[in-house]
Amino acid sequence: MRYITPITTTTYNKEYLLNTKSNDSLVSTRYPVRVTDYYASLITRKDDAIWKQCMPDARELEDHFQCPDPLDEKALSPVPGLIHRYPDRVVLLVSNRCPVYCRFCMRKRLVGSGDAPMGDDELCNALGYISTHPEIHDVILSGGDPLMLDDASLSQILSGLRAISHVKIIRIGTRIPVTFPERITADLCSMLRKYHPLYINTHFNHPDEITAASGNACSLLADAGIPLGNQTVLLKGVNDSIETMRQLLTELLTIRVKPYYLHQMDLVQGTAHFRTSVRTGLNIVRGLRGHISGLAVPHYVIDLPGGKGKVAIIPDDVIVQGTTLQLRTYTGELVTYQDIIDSPE
Ligand SMILES: *Cc1c(COP(=O)(O)O)cnc(C)c1O
Ligand code: SF4
């Protein structure tokens with residue numbers, strides 16, 4: 001597997017991310033830093049939402065309580081580069097590189113370190129595992145960013161998966177439309193569309209990331225028949241307000257991206273300063289349902305430590321008293337709903 005070259009990313013930039021004063025060299029020896037010129041160009045001032053997501057912060061080194069791999073992905077890996085947590089789907093870690101290293105990354109322990117893509121032998125082993133497990137119907141390419149691989153490498157992986165008849169759908173998780181939109185080319189799209197049904201989940205966190213360029217990247221993918229979803233991470237100081245979240249989620253629909261998940265921050269070492277309370281998350285979710293298009297409302301999920309899986313949490317809007325339900329509407333009114341008892345058929 002090979003990465004795209006050259007990677008048109010300059011380390012940091014935008015006047016060194018607005019004349020940094022933080023001890024970023026100390027941070028970057030532990031957790032690599034990279035920002036594309038494009039993503040840096042979205043910064044309008046120090047401390048804005050873009051800056052916070054990509055600027056190294058001394059607090060990354062002060063987080064001694066959270067663990068590097070709280071989701072126990074290593075233990076759930078039957079062969080290198082593959083995570084098999086749920087019965088019918090697996091995650092394939094094909095790349096260790098991203099165009100921008102997000103400071104809150106849940107795979108902070110891996111991305112950028114070592115930096116090598118999945119090797120041919122490793123891919124062969126992983127495909128072997130998938131082909132001998134007929135219960136696997138859904139394969140998710142992740143990393144790092146899978147679209148950092150060149151088109152030929154991606155095509156090799158996708159055709160390997162398509163040769164396995166029990167693999168029904170393929171998904172790619174990528175933040176490239178957001179951080180490096182020029183990577184989404186007509187050539188890439190015409191290659192990807194040969195491997196349908198193919199889904200892409202992208203990763204927008206803030207309305208400032210929705211631009212002509214990222215919108216155009218999403219358009220190209222959508223025009224290739226690829227349904228686009230979005231995962232957002234709830235980030236303190238970046239998108240932890242109802243107003244910002246409403247704007248982000250509704251604007252995503254206008255670029256043909258359907259919000260899928262809103263992630264509570266994982267307990268990953270080096271990211272604690274981005275974490276909000278679940279109460280804040282629930283309050284935001286309560287500000288969505290009914291207030292904005294239902295299409296724009298994602299599932300708010302906590303990925304439980306220890307590899308127990310994702311749990312969707314919803315605001316507590318149902319009070320059950322026997323067959324009488326008290327339901328809270330989006331305006332806060334409590335309405336009684338009379339349920340029935342199912343009779344045998
Ligand atoms: C999130 C995740 C999946 C996919 O979960 P969906 O709810 O189907 O999107 C699969 N495997 C692992 C290890 C995951 O973390
Ligand atoms: S693009 Fe994804 S994998 Fe890469 S650093 Fe950001 S969050 Fe992590």
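The legends below describe close-up views of a predicted model.

**View 1. Domain layout of the predicted model.** An automatic or database domain assignment supplies the bounds: domain 1 covers 9–314 and domain 2 covers 318–345. Their C-alpha centres are 38 Å apart.

**View 2. Helix α6 and the elements it packs against.** Helices (DSSP runs of H or I, at least four residues) and strands (E, at least two) are numbered from the N terminus. Helix α6 has twelve residues, 151–162. From first to last C-alpha it reaches 16 Å, close to the expected 16 Å, which is 1.5 Å times one less than the number of residues. Ser153, Leu154, Ser155, Ile157, Leu158, Gly160 and Leu161 are its buried residues (under 20% relative accessible area, 1.4 Å probe, protein chains only). These buried residues pack (heavy atoms within 4.5 Å) against helices α5 (120–131) and α8 (186–192), and against strands β2 (89–93), β3 (138–142), β4 (169–173) and β5 (198–202).

**View 3. Surroundings of ligand 1.** Residues with a heavy atom within 4 Å are shown; among them are Ile83, Arg85, Tyr86, Val91, Ile140, Arg171, Asp303 and Lys310.

**View 4. Polar contacts of ligand 1.** A polar contact is a pair of N or O atoms within 3.5 Å. Polar side-chain atoms of Arg89 and Tyr260 each lie 2.6 Å from an oxygen atom of the ligand; for Tyr261 the distance is 2.5 Å. The protein covers 88% of the 390 Å² of accessible area that ligand 1 has on its own (Shrake-Rupley method, 1.4 Å probe).

**Notes.** Residues are numbered from 1 along each chain as its sequence is written, with chains lettered from A and ligands numbered from 1 in written order. Local features need pLDDT of at least 70 and side-chain atom pairs 80 or more, while totals for chains, interfaces and linings use all residues; side-chain values use heavy atoms, without hydrogens and water.

How values were computed: Buried means under 20% relative accessible area, exposed over 50%, partly exposed in between (1.4 Å probe, protein chains only). A polar contact is a pair of N or O atoms within 3.5 Å; within protein, one must be able to donate a hydrogen and the other to accept it, and residues adjacent in sequence count only if both atoms are side-chain atoms.
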